[in-house]
Every structure is written in C-alpha cells, then in structure tokens.
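Reader: I have the sequence and the model open and would like to understand the wording used for them. Please set each term against its definition as we go.

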Amino acid sequence: MVHATSTAGHLAAWQSRAGTLPPLLADALAVCAQNGVNEHECGDVLDLLAMLGCDAHTQAAALWFEIGRAHSLVWERQAAGLPEELQRLVAGQMAAERVWALHAQRPPQGGSEGLRRLLLAIIRDVRVVFILLSRQLARMRAAANLAEDERQELARLTRDIHAPLANRLGIWQLKWELEDLAFRYLQPDTYKRIAKLLDERRSDREHFIRDALSELGEALRNAGIKADLAGRPKHIYSIWKKMQRKALEFSDLYDIRAVRVLVDSVADCYGALGIVHALWPHLPGEFDDYVARPKSNGYRSLHTAVIGPHGKTLEVQIRTHDMHRANELGVAAHWRYKEGGSGDADFEAKIAWMRKLLEPRNDDGELAAELQTELLEDRVYVLTPKGEVVDMPHGATVLDFAYHVHTEVGHRCRGAKVNGRIVPLTYQPHSGDRVEILTTKIGEPRRDWLSAHHGYLHTSRARDKVRAWFRRSAHEANLAAGRALLERELKRLALPDVDLAKLPTLFHLQTQDELLVALALGEISTGQVARVLQESQQPADPIPATPPPAVRHTVFDHSAITIEGVGNLLTVLAKCCQPLPGDPVLGFITRTKGVSVHRANCASLARLARRDPDRVIEVSWGQANAQAYEVTIQLNGYDRKGLQKDVVGVISNANINILASNSRLFSRTGEVEMRYTLRVRDFEQLSTLLDRLAALPNVVEARRVGAG
C-alpha cells in the first residue's frame with residue numbers, strides 16, 4: 001500500500017546525530033545546513049539508502065547532488081576537495097538527468113527500454129541506481145503537492161524507468177511502492193476502485209487470515225518447525241496487473257488472501273510446504289519453487305495456493321529469514337560497499353555483475369546462464385535526432401548507424417553530425433551521443449566501404465547490405481571493379497607478373513570471374529590475394545641468385561603448430577584463409593599433405609567439416625617465431641607540417657618496426673618522396689598499412705618498391 005510522507009524523513013533528524021556519523025556524511029549534512037535544500041526529500045532519501053544498507057559515500061553523494069543542483073557555485077568550489085569516488089557518484093546522478101530529459105521529450109507511444117539501457121550504459125557505478133530509486137520514491141511520496149502536469153510526468157517516469165529497474169534489482173520494498181504510487185496518479189479511478197474493494201472486504205479477510213495463521217501455526221509447532229507467520233500485504237498495482245493478465249474480476253483472485261511463513265533453514269522450507277499441503281488441498285498448477293530455481297534478480301521463495309479454512313483459496317509463501325531479507329532488499333542485501341579507492345578487482349567485478357543483472361532479458365534462464373560466464377556486454381547506446389535510442393555493438397561507426405536506421409539511409413549517406421558537429425563516416429559514437437545522418441536525394445554506396453582497412457563499417461549487417469547492393473548491380477561492373485582492385489594491388493605491392501590461373505582454386509572458387517566478383521564485393525580482400533600469390537611465388541631456394549632489393553624472408557617453421565592428442569605431423573598453412581600466429585585455428589587431415597591448418601572461421605574449412613567432420617582436429621600455435629619480411633615502401637605526396645610525424649605514427653600504431661628511412665623534398669613543386677624499410681609479418685599486413693598511409697592528407701600514393 002502507499003506510504004504517506006512523514007516528518008520522520010526530515011533532514012533535521014540526521015543533522016541532530018551528525019557527531020555519530022562518518023565524517024564524509026557529516027560534512028555533507030553541514031553544507032546542507034548552511035545552504036538551503038529540500039530537507040524533506042533529502043531526509044527521506046537518506047532513510048531509504050540506510051534501509052538498503054548503502055555506505056557513507058553513497059549517502060553523501062545523494063546530498064552533494066542536491067547541493068549542486070540548488071547551489072552550483074557551492075558544488076564547483078568544493079567538488080575538487082572531495083574523494084574521487086564521491087565525485088564519480090555525483091557525476092553519475094548528473095548523467096542520469098539527461099535520461100530524464102529525453103524521457104520527457106519522447107513521443108507519446110515511444111518505448112522506454114532503450115532509455116533504461118542508456119541509463120545503465122552511462123552509469124559506471126551501480127550504487128548510483130540505488131540513489132536514483134530512493135530519490136524518485138521520495139519525490140513520488142510528495143507528488144500530491146505538485147501541479148497536475150508535473151505529477152503526471154513524474155509518475156510516467158517512475159512507471160517507465162524506476163519501477164522496472166527496482167524490479168530487476170529485486171528491491172521489492174521500493175518496487176511495490178513505486179508501482180503503486182505511479183498507478184495511483186496515472187489511473188486514479190481504477191486505483192480507487194481496487195482500493196475500495198480491498199477496504200470493503202478487509203475485516204472478513206483479516207478474520208480469515210487469523211484463522212489460517214492459527215491453524216497453520218499449530219500444525220508447524222506439532223511438527224517441530226519453528227516459524228514466524230504473518231499475513232502478506234497486497235499491492236494495488238500487482239492486483240490490477242493480475243486482473244489484466246488473467247482476465248479475472250477482483251472476486252476471482254485467489255491470492256487476495258495470503259500468508260507468509262519464515263523459517264530458519266531451507267530444509268524447514270520444504271518441511272513447512274509438506275505441512276501446508278497435508279493441512280489443506282493445494283490447487284494444481286499453482287506451485288512455484290523459486291528456492292531451487294531462483295528468479296533472475298535473485299528472488300527465492302516457495303509459492304503455493306491451497307483451499308484453506310472455510311473453503312476459501314489462500315496463497316502461502318515460504319522462505320527463510322535470510323531469503324526474506326534478500327527478497328526485500330534485492331542485490332542491496334548482498335552488497336558490501338568498499339570504503340576508499342576503486343582499484344579492487346573484486347569490487348569492480350561485483351559492480352559489473354550487478355550492471356549485467358540490470359540489463360533487460362526476455363528469458364530468465366538465458367540471463368542466469370549469462371551471469372555465470374559474462375559480466376558486461378560491450379554495447380553503445382546512441383540517440384536519433386528525435387531522441388530514440390539505438391543499441392549498437394562497441395566499435396560501430398556512424399555509417400553503421402545509418403544502415404541500422406534504414407538500408408536506403410545507409411546507401412544515401414554522405415556525412416554525419418554527432419552532437420551537432422560534423423564527423424567522418426568512420427567516427428565511432430559513444431553512449432549518449434545524438435547522431436544525425438546527412439544524405440543525398442539519389443545516392444549509392446561506395447566500394448571502399450567494404451574494405452576493412454578503411455574502417456567505414458564495423459557490423460556484418462551493414463556490410464551485407466552494401467554487398468547486396470553491389471551484387472544487384474551489373475555483373476560486368478563488378479568484374480571491372482574486381483579487376484581494377486587486383487591490378488592496383490599487384491602494382492602497389494610490386495609483385496612480378498604472375499600466373500593468375502591457379503588463384504581461384506586456392507580460394508575454392510571455380511573461375512577467375514568469381515574471384516573478381518568476390519574482390520569487388522569485399523568477400524575476399526586484396527591483402528589475402530597478395531599473401532596467396534606471395535606463397536605461390538616463393539622460390540624453393542631461400543636465397544635467389546639476384547634477390548630483389550626490397551624483400552628478404554624466413555621460411556615458416558612448422559614446429560610453430562602443435563597438434564592436440566598426437567605426435568608431430570606434417571602441417572601446411574591453408575592458402576584459402578592464410579592463418580597467422582595468434583589467429584584461432586583448426587586442423588583438417590588431408591589425404592596427401594598432412595594437416596592443413598585453417599582459421600577457425602574459414603568458410604572453406606566449414607564446407608570440409610560438413611563433408612568429413614571426423615577429420616577436423618584441434619591445433620594451436622606453438623612458441624616458434626612467425627614469418628617476417630623486410631620490405632621497402634615509398635610514399636609520394638605534397639609536403640605539409642607534421643606529414644612525416646603522421647606517417648611514422650601510422651606505422652607505429654600498426655606494430656611494424658622501421659629499419660631505415662629517408663626522404664627528399666622537391667622545393668620547386670612542393671612534392672615530397674619518402675622511403676621506409678620495414679619488417680612486416682606478411683603481405684596482408686603490408687596491404688593494410690599501405691591503405692592507411694594512402695588515406696593520410698597530402699599523400700598521393702603509397703606503394704612497395706619492387707625490383708627494377
């Protein structure tokens with residue numbers, strides 16, 4: 001039932017015992033006394049946080065937020081002198097204000113789950129959620145004094161955001177009251193009708209409960225089970241929800257009459273259940289064992305429904321005292337707040353676990369399984385110009401966002417704004433950013449969007465949409481584009497004239513046209529082609545008579561591969577996917593070449609495994625060094641301030657060593673030529689590097705220097 005506001009929550013009660021409180025909280029109370037704040041609300045919030053067992057940092061942060069909102073200059077003067085942990089808790093509350101504003105701006109039928117996810121994404125410490133729930137309940141208790149429009153908006157925010165979060169945390173004491181108060185203000189007529197029905201039958205119900213408790217108490221004592229029994233309070237919103245869900249009238253609800261049994265042990269729970277079922281007939285299909293199978297938010301109890309005294313239905317809940325405390329306080333009952341810094345790994349893991357618990361899931365079993373293996377999903381939550389929340393994986397770009405909104409928006413995308421500022425299409429937005437896509441009336445995707453080197457697209461969903469567009473375009477155009485890509489790569493890597501006839505079979509394709517189309521659609525990268533060609537052109541003699549000036553190599557050491565469960569076998573690296581040391585790999589036992597080693601996600605391996613699954617074996621990389629190549633590259637472009645620094649930065653970020661370098665400037669034209677001798681892992685790494693260098697401002701060309 002709804003609680004009325006009382007003077008017990010007045011801040012003066014806390015200030016009167018400041019001398020017995022932790023200094024951090026006492027100092028915050030002193031600042032509140034010197035500067036006007038909403039004393040009833042602050043006192044109520046402190047009472048609720050104390051009930052949840054929150055620490056002094058959390059309670060002080062709730063007060064400092066109110067001080068900052070009422071007196072921003074006071075907060076600005078004193079914030080720097082406060083502990084960093086407390087500052088983070090206040091910052092989390094300030095960030096949550098953005099969500100409240102977005103909720104007020106959303107369309108009437110707009111969904112709220114996205115806003116709940118955004119809230120959790122921007123709050124890095126779950127203790128902030130305890131403060132937000134406590135403050136919202138304090139405001140709802142005092143909402144009768146607000147104007148009607150303010151009261152309605154506060155109730156909608158409670159219904160959409162706070163009550164669901166309290167439910168996910170399992171904090172029933174806050175959940176029921178938040179739900180009832182929101183229901184009272186949003187549907188006052190229905191609320192009053194149910195409340196009146198409860199009041200009309202209260203005396204009969206209380207008399208029935210007394211009889212049931214007396215009869216059950218005697219039976220438990222005779223069985224030697226020590227138990228505390230009480231009638232269970234009913235909440236108006238939960239009654240209305242059950243009436244809606246089961247299409248029942250109030251008179252048809254069996255659990256309006258309910259009792260709660262608290263015992264000392266789990267064994268006593270099941271013993272008490274047996275006594276209940278022996279005493280009264282139980283209703284089939286109305287038994288739930290949340291002790292053996294707890295709810296996703298940690299709720300544990302036995303629920304059963306029986307035909308009790310006088311032939312009336314009765315709901316019985318049975319749990320231990322510890323379960324009851326945990327159920328009332330949810331995760332707060334298990335929370336041990338860490339005083340001091342935030343470097344404790346166990347503490348950080350607990351925060352991550354609780355944030356995971358807060359994330360909404362459709363399947364409670366799936367959630368429980370995930371909690372055992374994963375602490376936090378890496379997602380970002382960005383906003384459309386209308387304030388709708390879009391959930392994307394970490395690393396997604398604004399171009400991914402455009403394709404998420406609509407395929408045509410992605411195809412016609414030519415720019416983007418993040419929080420009103422123009423950004424490149426490769427920009428990766430952060431949670432809370434507002435993204436606006438700039439489009440042309442008639443547009444089409446670009447082929448370089450498919451290149452992983454350029455970083456335009458992160459999600460496979462967006463890449464598939466771009467590929468589908470090009471796949472629908474003229475076959476001849478795809479062939480021409482693939483041929484141009486291949487010729488450019490061969491020229492850029494300075495590979496000699498090679499026989500391309502065998503190339504398709506190395507990728508398990510039938511014709512060269514299929515290879516060119518795959519290149520055009522980004523299904524095969526030019527770097528992969530270069531590596532396969534490099535392998536096929538590698539001479540038998542590791543030191544040729546006339547070595548090219550730009551390349552020296554070492555032969556791959558097959559002892560770098562370890563085969564699980566057997567002795568040493570001949571191994572070859574599959575040319576279809578060209579695995580590198582560090583890649584997840586699997587082996588396939590061939591008929592003539594020993595074990596062929598593939599990347600674990602290789603499409604060719606998947607086809608082979610479907611045909612002969614017994615020939616797939618576990619392999620892993622050993623400790624031997626991988627191949628290394630020395631190669632010279634040349635960059636041509638126009639000089640500018642910081643160009644050489646940018647080039648070296650790109651090479652360094654690619655984890656590539658520079659062995660030698662030189663450059664020259666043609667002052668008459670302003671052109672510059674730079675050469676670097678590098679040690680690269682393979683030609684795919686070189687191809688990626690050349691792409692990134694060519695993308696630098698003022699760089700016209702980046703290529704490998706070949707023989708002659």
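Reader: Where is Asn-655 found?

Author: Asn-655 is found in the loop between α26 (643–653) and β18. The α and β labels stand for helices (DSSP runs of H or I, at least four residues) and strands (runs of E, at least two), numbered from the N terminus. A word on the ground rules: this is a predicted model, in which local features need pLDDT of at least 70, side-chain atom pairs count only at pLDDT 80 or more, and totals for chains, interfaces and linings use all residues. Residues are numbered from 1 along each chain as its sequence is written, and side-chain values use heavy atoms, with hydrogens and water left out.

Reader: Why is Asn-655 called exposed?

Author: Three words share one scale: buried is under 20% relative accessible area, exposed is over 50%, and partly exposed is in between (1.4 Å probe, protein chains only). Asn-655 has a relative accessible area of 70%, so it is called exposed. Its backbone deserves a look too: phi of Asn-655 is near 60°, a positive value in a residue other than glycine.

Reader: What makes Asn-698 partly exposed?

Author: Its relative accessible area is 33%, which falls between the two cut-offs, so "partly exposed" is the right label for Asn-698. This residue lies in the loop between α27 and β20 (699–704). Phi of Asn-698 is near 80°, again a positive value outside glycine.

Reader: How do you know that Asp-691 is buried?

Author: The relative accessible area of Asp-691 is 5%, and that is under the limit for buried. Asp-691 lies in helix α27 (residues 683–694).

Reader: Which residues is Asp-691 in contact with, leaving aside its neighbours within four places in sequence?

Author: They are Ser-451, His-453, His-454, Arg-488 and Arg-492. Contact here means heavy atoms within 4.5 Å. One of these partners, Arg-492, is among the buried residues of helix α21.

Reader: How does the reach of helix α21 compare with what is expected at 1.5 Å a residue?

Author: The expected span is 1.5 Å times one less than the number of residues. Helix α21 (residues 475–492) has 18 residues, and its reach of 26 Å from first C-alpha to last is close to the expected 26 Å. Just after α21, Ala-494 takes a positive phi of about 55°.

Reader: How many of the 15 residues of α4 are buried?

Author: The count is 13 of the 15, so α4 is largely enclosed by the rest of the structure. Its length passes the span test as well: α4 (residues 56–70) should span 21 Å, and its end C-alpha atoms are 21 Å apart, which agrees.

Reader: In which sense do β18 and β19 pair?

Author: Two strands pair if DSSP finds at least two bridges between them. β18 (residues 657–666) and β19 (residues 671–680) have 9 bridges in the antiparallel sense, so they meet that condition. Asn-662 has Arg-675 in β19 as its bridge partner. The hairpin has 4 residues between the strands, and Gly-670 there takes a positive phi near 80°.

Reader: Why do β9 and β10 stand at the edges?

Author: They belong to an open antiparallel sheet of 3 strands in the order β9-β8-β10. β9 (421–423) and β10 (435–439) each have a single partner strand, so one side of each is left without a neighbour in the sheet. Neighbouring strands here are turned by 35° against each other on average, direction ignored. Helix α18 (residues 398–405) packs on this sheet, touching β8, β9 and β10, and its direction makes about 80° with that of β10. Such angles, from 0 to 180 degrees between N-to-C directions, use axes that are lines fitted to C-alpha atoms, for helices over the stretch in contact. Strand β8 (residues 413–418) pairs with β9 over 3 antiparallel bridges, and Ala-416 has Val-423 as its bridge partner in β9.

Reader: In what order do the 5 strands of the open sheet with mixed pairing run?

Author: The order is β1-β2-β5-β4-β3. The edge strands β1 (227–231) and β3 (282–289) each pair on one side only. From one strand to the next, the twist averages 20°. β1 pairs with β2 (residues 258–263) in the antiparallel sense over 5 bridges, and Asp-228 stands opposite Leu-262 in β2.
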